[in-house]
Amino acid sequence: MLRRQFMLTGAAIAAPGLAAAAENSKNIAAGACSKPVYLTFDTGHMGIAQWVAQTLQKHKVPVTFFAANEATKEGGSSLADFWAPWWKARADEGHQLASHTYDHMYWQADIRDKATGQVTHFKVRPSAGPRAGQSFAVSADEYREEIARSARRLQQITGHKPLPLYRAPGGKTSAALIGAAQQGGYQHVGWAAAGFLGDELPSDKYPNERLLNQALKNIRSGDILLAHLGIWSRQDPWAPAVLEPLILGLLDKGFCFRTLAEHPAYQGWIAQHR
C-alpha cells in the first residue's frame, strides 16, 4: 500500500560532484550542523537492509529506524530472531530506533459514541500479524499496546531503549489517535513533503533518476526524510540506485544528517518520556 503520493514536478537536475561529497562524509558525525536533515527508514521486506546498513556506515550517516514486525524476503518477519543481530548492530552503531506499531497497523477511522460524539475506538487494518488484511476496532489502550509492543521488542533484542516516538503506517492518523498515543508516552512522527523519497511509488511512472533529482532539488534544512528497507511492489528497487547518490548529493549541498533524537521538535518530548 502506498503512502501519501506527493506530487513530483519540475525538471531534473544534474547529480552533484560525488568526489567532493564523499570527502565531506567523514565529517558528518562531528562539528556544528547548520543544515540538518533527518533520514528515517520504516521496515519493509528487509531485502536491502544489509546494503542500507553498509551505505550508512560507509558515509557515517546516522538515521532513525521505525520498526514493525513485517514479512520479509527470508520468510520470517522483521522483528523475529533472524533479524535481531541486525537491529542490535544498528543500535550499537548509534542509530536510533522507534516503533512503527507491531503488526503494521493502519488507522482507518475514528469510532464515536453516538450519544456523546466522543471517540471510543479506532477502526484499524494491520498488514502483518495474525489478523493481516482484516478491519476491526481497537480501544485506545489496545492501540497504545500495539505501539509499545514493538518498542519492547526492540529494547529486548538490542539492549537499547527506543525513542518514545512512533510512526503510524502510511502516516494515517487522526487527532484522537495521536492523542491516544501521547497518553501512552509516544509522540507521532511524520515526514516533510519534500522528504517523501518515493520508494513506494511505481517505478514506471517515477523512475529512480527522477526521484533522486526531485529530492536533491526540494529537500530543505530541517526536513524529515522517509524511505523503507524494501518495498514489495516497486519493480525497479529504489535504494541501490538512489540512496548513496542522495546522501552524497545532500552533503555536497552543505546538509548534514542527524537522528530524531536531535530534532528540536522532539527533544523535549524525548527528555521527558524516555
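Met46 is buried in this predicted model, with a relative accessible area of 1%. Met46 belongs to the loop between strand S1 (36-42) and helix H2 (49-59). Its phi is positive, about 70 degrees, although Met46 is not a glycine. Most residues other than glycine have a negative phi.

Thr43 sits in the loop between S1 and H2 as well. With 2% relative accessibility, Thr43 counts as buried, because the cut-off for burial is under 20% relative accessible area. Leaving out residues up to four places away in sequence, Thr43 touches Phe66, Ala67, Ala68, Glu70, Ser78, Trp87, His100, His228 and Leu229. The C-alpha atoms of Thr43 and Ala227 are separated by 8.9 Å, although these two residues are 184 apart along the chain.

Thr101 is another residue other than glycine with a positive phi, near 70 degrees. Thr101 is found in the loop between S3 and strand S4 (105-112), and it is buried, with a relative accessible area of 0%.

**Accessibility of selected residues**

The table sets out five residues with their location and relative accessible area.

| Residue | Location | Relative accessible area | Class |
|---|---|---|---|
| Met46 | loop between S1 and H2 | 1% | buried |
| Thr43 | loop between S1 and H2 | 2% | buried |
| Thr101 | loop between S3 and S4 | 0% | buried |
| Phe122 | strand S5 | 3% | buried |
| Gly94 | loop between H3 and S3 | 39% | partly exposed |

Gly94 is in the loop between helix H3 (84-92) and strand S3 (96-99). At a relative accessible area of 39%, Gly94 is partly exposed, since that class lies between the 20% limit for buried and the 50% limit for exposed. Gly94 and Val63 are 31 residues apart in sequence, and their C-alpha atoms are 8.5 Å apart in space.

Phe122 lies in strand S5 (residues 119-126) and counts as buried at 3% relative accessibility. Between the C-alpha atoms of Phe122 and Ala109 there are 5.9 Å, with 13 residues separating the two along the chain.

**The chain and its cores**

The chain has eight helices and ten strands. Of its 274 residues, 53% count as buried. Among contacts between residues at least 6 apart in sequence, 75% join residues at least 24 apart.

In soluble globular proteins, nonpolar side chains tend to be buried together. Here the largest nonpolar core has 59 residues, and those with the most contacts inside it are Leu39, Phe41, Trp87, Leu165 and Leu246. H7 supplies the largest share of this core, eight residues. Apart from this core lies another, of 16 residues, among them Phe122, Ala148, Tyr166 and Ala180.

**Helices H6 and H7**

Ten of the 14 residues of H7 are buried, so the helix is largely enclosed by the rest of the structure. The buried residues are Ala239, Val242, Leu243, Glu244, Leu246, Ile247, Leu248, Gly249, Leu250 and Leu251. At 1.5 Å a residue, the 14 residues of H7 should span 20 Å, and the end C-alpha atoms are 19 Å apart, which agrees. After H7 comes Gly254, whose phi is positive, near 90 degrees.

Leu246 is one of the buried residues of H7. With its neighbours within four places in sequence left aside, Leu246 is in contact with Leu197, Leu212, Ala215, Leu216, Ile219 and Trp238.

Helix H6 covers residues 208-218, and its buried residues are Asn208, Leu211, Leu212, Asn213, Gln214, Ala215 and Leu216. Helix H7 (239-252) is part of what covers the buried residues of H6. The contacts of Leu246 include Leu212, Ala215 and Leu216, which are among the buried residues of H6.

**The second largest pocket**

The second largest pocket holds about 190 Å³ of space. Its lining has 14 residues, and the closest to the pocket centre are His45, Ile48, Gly230, Ile231 and Pro237. By class, the lining comprises seven nonpolar, four polar and three charged residues.

Notes
Residues numbered from 1 in each chain as written. Predicted model: local features only at pLDDT ≥ 70, side-chain atom pairs only at ≥ 80, totals over all residues. Heavy atoms only, no water. 1 Å grid on protein atoms, 1.4 Å probe; cavity = no way out; pocket = protein on both sides within 12 Å on 5 of 7 lines; lining within 4 Å. Points joined across faces, edges and corners; volume = space filled by probe spheres on them. Nonpolar A, V, L, I, M, F, W, Y, C, P; charged D, E, K, R; others polar. Buried < 20%, exposed > 50% of the residue type's maximum accessible area, 1.4 Å probe, protein only. Helix = DSSP H or I, 4+ residues; strand = E, 2+ residues; numbered from the N terminus. Contact = heavy atoms within 4.5 Å. Core = buried A, V, L, I, M, F, W, Y, C linked by side-chain atoms within 4.5 Å. Expected span 1.5 Å × (residues − 1).
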